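Biologist: Before we discuss this model, please put the sequence and structure where both of us can see them.

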Amino acid sequence: MTAATDWTGADRQWMARAFELARRGQYTTDPNPRVGCLLVKDGQVVGEGWHQRAGGPHAEAHALPVAGSAARGATAYVTLEPCNHHGKTPPCSQALIDAGVARVVYALDDPNPLVAGQGAARLRAHGIQVDSGLMSEESEALNPGFLKRMRSGMPYVRVKLAASLDARTALASGESRWITSRAARADGQRGRAMSSVVLTGVGTILADDPALNVRIDESDRQPLRVVLDSQLRTPSDSRVIHREGQVLILATVDDAHRRRSLERQGVEVAIVPAQDGRPDLRAVLRLLAQRGANEIWVEAGQVLAGAFVRERLFDELVVYLAPCLLGNDARPLLDLPALVNLDDRISLRFAECRSVGDDLRITAVAG
């Protein structure tokens, strides 16, 4: 492995370009990781590619045909360790070997047990110089859900909230359209699009009848929409059911009549363990991870959103703050228990704060 001080300016330049390519798959590669590959020979780019869609060729398989014979003796810059197993596509490590590359630089070891160092070992066994660890933090940031799922069996959870400056999400009557700006709502659409799952509770379905689908030009993929609905109260004419894409309702009680009514609408219903009369959130997240879900986007009311926070089952809070005030009677941001001691507070770390239209988007990560 190359020490960080040994990386050349050219190495950093080419790897940065590989990450630019990888980000093009931000909305399309799920459940696979977003990966980019750049082939460089004699200081010139001879091939580049990125993983464009799950089930399709990996980044290396896109870049190598572009390079053709120029790949022989080239250096490959890849944002994640090349795979070493046959899945829906052949192993990328063997493709790099067959193409005759001289050196492979990658950002991060792939924690997938089917790879996990085997790709690098195979390349080295065929005499290829392999250097790893360049821009590893960028690789972690690009694929937080895939990496967390492979390492822990749990997905990466973002809880999205929209509130006034005094942290209120709706009037006491429930009216909330629209607190935030059109730009903020469009930005939230991109949050949905990059996720494996958009998750809500039946209370939100009954109160607002949201569709929860993705409506942006950059993505033609619909994430799985999941409704936590203990008693199967979701109406069969709900908008969430009648939009393109798959819907999964997770209940704690199996009411055969209601289940069949929903299934006739194309909805999948599954039973999960209960906790205090509602779906056990940890069991829900494990189930979704087992189904290949990397990143979960939670759009829910104060009770369910508060439960994710209270039980420390979130990785990020994505809060859109509008420059308005709704007053003391308006609904709070999260339903959390009162604290007796300040030491019991939930600590967060601000990761980002940026303007989105007239609003602020604040990203806070679990401490």
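Modeller: Two strands count as paired if DSSP finds at least two bridges between them, and helices (H or I, at least four residues) and strands (E, at least two) are DSSP runs, numbered from the N terminus. The model is predicted, so local features need pLDDT of at least 70 and side-chain atom pairs count only at pLDDT 80 or more, while totals for chains, interfaces and linings use all residues. Residues are numbered from 1 along each chain as its sequence is written, and side-chain values use heavy atoms, with hydrogens and water left out.

Biologist: Which residue in E2 stands opposite Leu-38?

Modeller: Strands E1 (residues 36-41) and E2 (residues 44-50) are antiparallel and share six bridges. They form a hairpin with two residues between them, and Asp-42 in the turn has a positive phi of about 55 degrees. Opposite Leu-38, in E2, stands Glu-48.

Biologist: Which strands stand at the edges of the open sheet of nine strands?

Modeller: The order of this sheet, in which pairing is mixed, is E11-E10-E9-E8-E14-E6-E15-E18-E17. Each edge strand has a single partner strand, so one side of each is left without a neighbour in the sheet. These edge strands are E11 (268-271) and E17 (348-356).

Biologist: What is the bridge partner of Leu-228 in E10?

Modeller: Strand E9 (residues 224-228) runs parallel to strand E10 (residues 247-251), and four bridges join them. Within E10, the partner of Leu-228 is Leu-250.

Biologist: Within what arc do the buried residues of H4 fall?

Modeller: In helix H4 (residues 118-125), the buried residues (under 20% relative accessible area, with exposed over 50% and partly exposed in between, for a 1.4 Å probe and protein chains only) are Gly-119, Ala-120 and Leu-123. The arc is taken from the directions from the helix axis to the C-beta atoms. Seen down the axis of H4, these residues line one face of the helix, because they fall within an arc of 95 degrees.

Biologist: Which element gives the largest share of the largest nonpolar core?

Modeller: A nonpolar core is a set of buried Ala, Val, Leu, Ile, Met, Phe, Trp, Tyr and Cys residues joined through side-chain atoms within 4.5 Å. The largest one has 34 residues, and those touching the most other members are Val-159, Leu-199, Val-226, Leu-288, Ile-296 and Phe-308. Elements giving two or more residues to this core include E6, E14, H10 and helix H11 (302-310). The largest share, five residues, comes from H11.
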